[in-house]
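Here is a short tour of a two-part topic: how the chains are built inside, and how they meet. Have the viewer open and follow along at your own pace.

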Amino acid sequence: MIKNRKYAAFVAVVLVLFIQPATQAFAQNTSGTLDVSTPLDESSMFGEQNQLVTVIDAATAAQGVQLVEDTKTYPVFLLEGDVSAGLGGSVSDSSTLGLFGAVNLSDLSFTFTPQKDMDFNLTMSGTFMPSTDSGLSIAAQDLDVTGYADIRTSEFTRFYASASYTYNTSDSGSIYETSDGFSLDELFLDTAINRKVFFRLGKQKVSWGVGYWYKPADVLSLAAVDPDDPTADREGPFAFKTDMPFGKLNHATLYVVPPTTDSDGNLSGVSAAERTDIVVGGFELSIAGFARSDMEVKPRLMFMFSGAIGDFDIYGENVLAYGSDRIYVRKTGTGSYETYRVENTPIFQSTIGTKYSWENSDGLGVDLQVQGYYNGMGYSDSTVLFAEAAKKAVYEERYGATSKTVTSSMDSIDLQSPGMFYLAGSASVSDRFGEGSGIVNTDLSCYALFNFSDGSKRLKPDFSLTIGSGGSKLDLELSALTALGEAGSEYAPKGNKVTPALSATIMNVTTVTFGAPIYLNDDYSFKKSSYEFSLYWDILKLEK
Amino acid sequence: MKTKMVQLKKGTSLLILLLLALFCAKAQDGGPPPGGGMPPPGMSDEELTKPVSTDVKTYTAKDFLSLVRQTDLRSSFYNSDMTATITMVSVSPERGTMTRKETIYRRDKDDAFLMLTLEPESKKGQGMLRVDNNMWRYDPTSRKFTHTTLKDQYENSTARNSDFRRSQRAWDYSVTSVADGKLGKYNVWVAELKANNDEVPFPYIKMWIDKEHTVVLKVEEYSLSKKLLRTSYYTNYAQIGTSYVPTVQIFQDGLIPEKRTQMTYTNISTKAVPDDVFTKNYLERMSQ
């Protein structure tokens, strides 16, 4: 059994390494040649051979002119991504030094295009290592496989499906834990009527809201915003979308979310959401409404805006809901809690943010962003949720009895964004020095998030240094993700913790990483720590 | 009493939203696009079209600005839409040779521009829409639109977002000196210009303009400290009616000699583009 699994992992790695040259032989060679070994010769570029102007008849141009023959042929096989090999290790207070050799795949992607407007793709990331243990869990770590099929029969008609599989995901320190397993990310059909009304039918990502860290108007997304990666894609619902552009840049969009069945076979309500986007000067204004027939999610009106005032970009979202979606909990005695709801009363949520960006032509740049959030659906004092029993009471009220530990990372609207008052911000300063092979770029940045309702904070200072074009000599990054707060709080679910990390890529070939999650007691004294490190050499670097 | 207060609050909120919607609808048209069909600052339409002397000694800065404006107009399509496929080959020490293919749609009379990435596969479906002062970038992975700025460098190459839109140098710059010159076999005007606003990525530029066709052959772009950041070459043009498309453009990085990008235009068309192309919906629909 062990032998078989080791064999499977070995075969996977060998396939990746040795099929690649063969695959590339079939791949479409779209790269042109551009010789940069010698300076450009102006007298040659604009010499006797140069024909500066080619006159094209206007009538011909109206039909389309192919100045250079398009040599693209089908089918196309394409392999992209990076493969590196090396060793990794870890040591902690409770374990001895462990070292392992490994092969790391980074977005290794295989695309098959049998004909124009038809693409199939499979992308894989993960670390594969030999194992003496009895299970595949040691042979593959942080495995993430995604695939999609994109088939268009016309400019308007399209079928798209994407799915992913994650396995043995290591603790990234994120607030929202990634659950292993298979997931259907999107599955939809596009169609249209007369270039006027456009439809998307099926499971789809829907990203409403203009905020960066907080998006109270994003009522259709099924997953919360990850504060450490606010731009990451999030799961959307199965919905029927109708989009009708009008005027120059305006849109009216209607989503209808059909009922779904829960594990007991009960049908949920039907949801409908309408949004109208209007562009006024340099501002985009959006007015939206949402309702669900079973009132599990309360009806609401939303107003969003984004634009610029002078050198500052500003954005905001305002939500007026009739009742709260949340099941609340309060303490009734020692260790006992009761749940309650807030209904039939207007509840307001509002966020506003601003961004400022400045860069001069000599490479000095400054970026600032700040966003505040008032969450009327949150607790003014959310410390009640520090207790596992409180979380469990809420969870059981919504989903029924459970024996598992309920954490704030659980995908539950009752536990997400529990606070009422939030503030987030980021700042960065970058600069460039020198030129040629000795060009140096530096960037010093930090983001910070505060939940004033439970006192938790999260910040990450980061310093990066690159030497050579794009870090061709050295690409160094130092950071320290820091969570401060009591265990069970939103931004520090495991209590006070600092994770210093270093990553250095030398000559674009060798990458060294070091990370040391350090857990601190409530008085910030040392509690425990572990150390992880790796050293990888790039074997393959394929154009991405 | 409490119920009445709630109803009052609801009614007031609705009224505010409705008033806002009415105001938005009224304000729909916005102002004219900067640099649209208008002459540069300090110039009238009459001055823009007056005959240009061939003797550089008689040239004034305003004369040359008129010439720059003519190059802007010649590179624009005010009487039709323009569509093209652009192949970009970029070379840099850290990434080797990279190839990208984009489709662009331009409606210069509305200052509307849309770009979609066709290749490489990993970037396919990424796009950008700009109409007047509104610019969105679309990420097909998160299905999210974000605002961006024309100052952005385009995907770590020596090209910039502003290289794809219609030219408006006469609007953004003032002429500080003019001279005669020669570039290869071509007789050229050589002028130094200084930016009159901080929206442009290069505060100082130097232009070489072909005398015969009044098209730009070369531009050197400098930083605030007068360091050469980039040299652009326009070695071939396609003339369609009164408009010129630079079909081959080469961008040489000024700080890193081994960093260079070549853009080649193919499949040029002036066929009318449907209105729905210049919408966010189109970007979303055509993305991966």
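**Confidence first**

This is a predicted model, so let's begin with how far to trust it. Chain B has a mean pLDDT of 77, with 72% of its residues at 70 or more. Within chain B, residues 20-37 have pLDDT below 50, and this stretch makes 18 contacts in the model beyond near neighbours in sequence. For the model, ipTM is 0.77 and pTM is 0.83.

**The contact between the chains**

- Chain B brings 83 residues to the contact, and chain A brings 78.
- On the side of chain B that touches chain A, at least two residues each come from α1 (2-26), β1 (82-92), β2 (96-107), β6 (144-147), β11, β12 (243-253), β13 (260-269) and α5 (280-286) of chain B.
- Sorted by class, that side of chain B holds 34 polar, 30 nonpolar and 19 charged residues.
- Strand β1 of chain A (residues 53-56) pairs with β11(B) in the parallel sense, over 4 bridges.
- If you would like a place to look at this pairing, A:V53 has B:Y237 in β11(B) as its bridge partner.

**The nonpolar cores**

- The largest nonpolar core has 44 residues, and those touching the most other members are B:F64, B:W189, B:A191, B:M207, B:I209 and B:L217.
- Strand β11 of chain B (residues 228-240) gives this core its largest share, 6 residues.
- β11(B) is thus worth a second look: the strand that supplies this share of the core also pairs with β1 of chain A.
- Leaving aside residues up to four places away in sequence, B:L217 touches A:F46 from chain A, along with B:L183, B:Y186, B:V188, B:W208, B:I209, B:D210 and B:Y234 from chain B.
- A second core, separate from the largest one, has 22 residues, including B:L116, B:L129, B:L283 and B:M286.

**A helix in chain A**

- Helix α5 of chain A covers residues 388-399, 12 residues in total, and spans 16 Å from its first C-alpha to its last, close to the 16 Å expected at 1.5 Å a residue.
- Buried residues in α5(A) are A:A390, A:K391, A:A393, A:V394 and A:Y395.
- What do the buried residues of α5(A) pack against? They pack against two strands of chain A, β15 (328-333) and β16 (336-340).
- Just past the end of α5(A), A:G400 adopts a positive phi of about 95°.

Definitions and conventions. Residues numbered from 1 in each chain as written. Chains lettered and ligands numbered in written order. Predicted model: local features only at pLDDT ≥ 70, side-chain atom pairs only at ≥ 80, totals over all residues. Core = buried A, V, L, I, M, F, W, Y, C linked by C-beta atoms within 7 Å. Buried ≥ 20, exposed ≤ 12 C-beta atoms within 10 Å, placed from the backbone. Contact = placed C-beta atoms within 7 Å. Expected span 1.5 Å × (residues − 1). Nonpolar A, V, L, I, M, F, W, Y, C, P; charged D, E, K, R; others polar. Pairing = 2+ DSSP bridges. pLDDT = per-residue confidence, 0-100.
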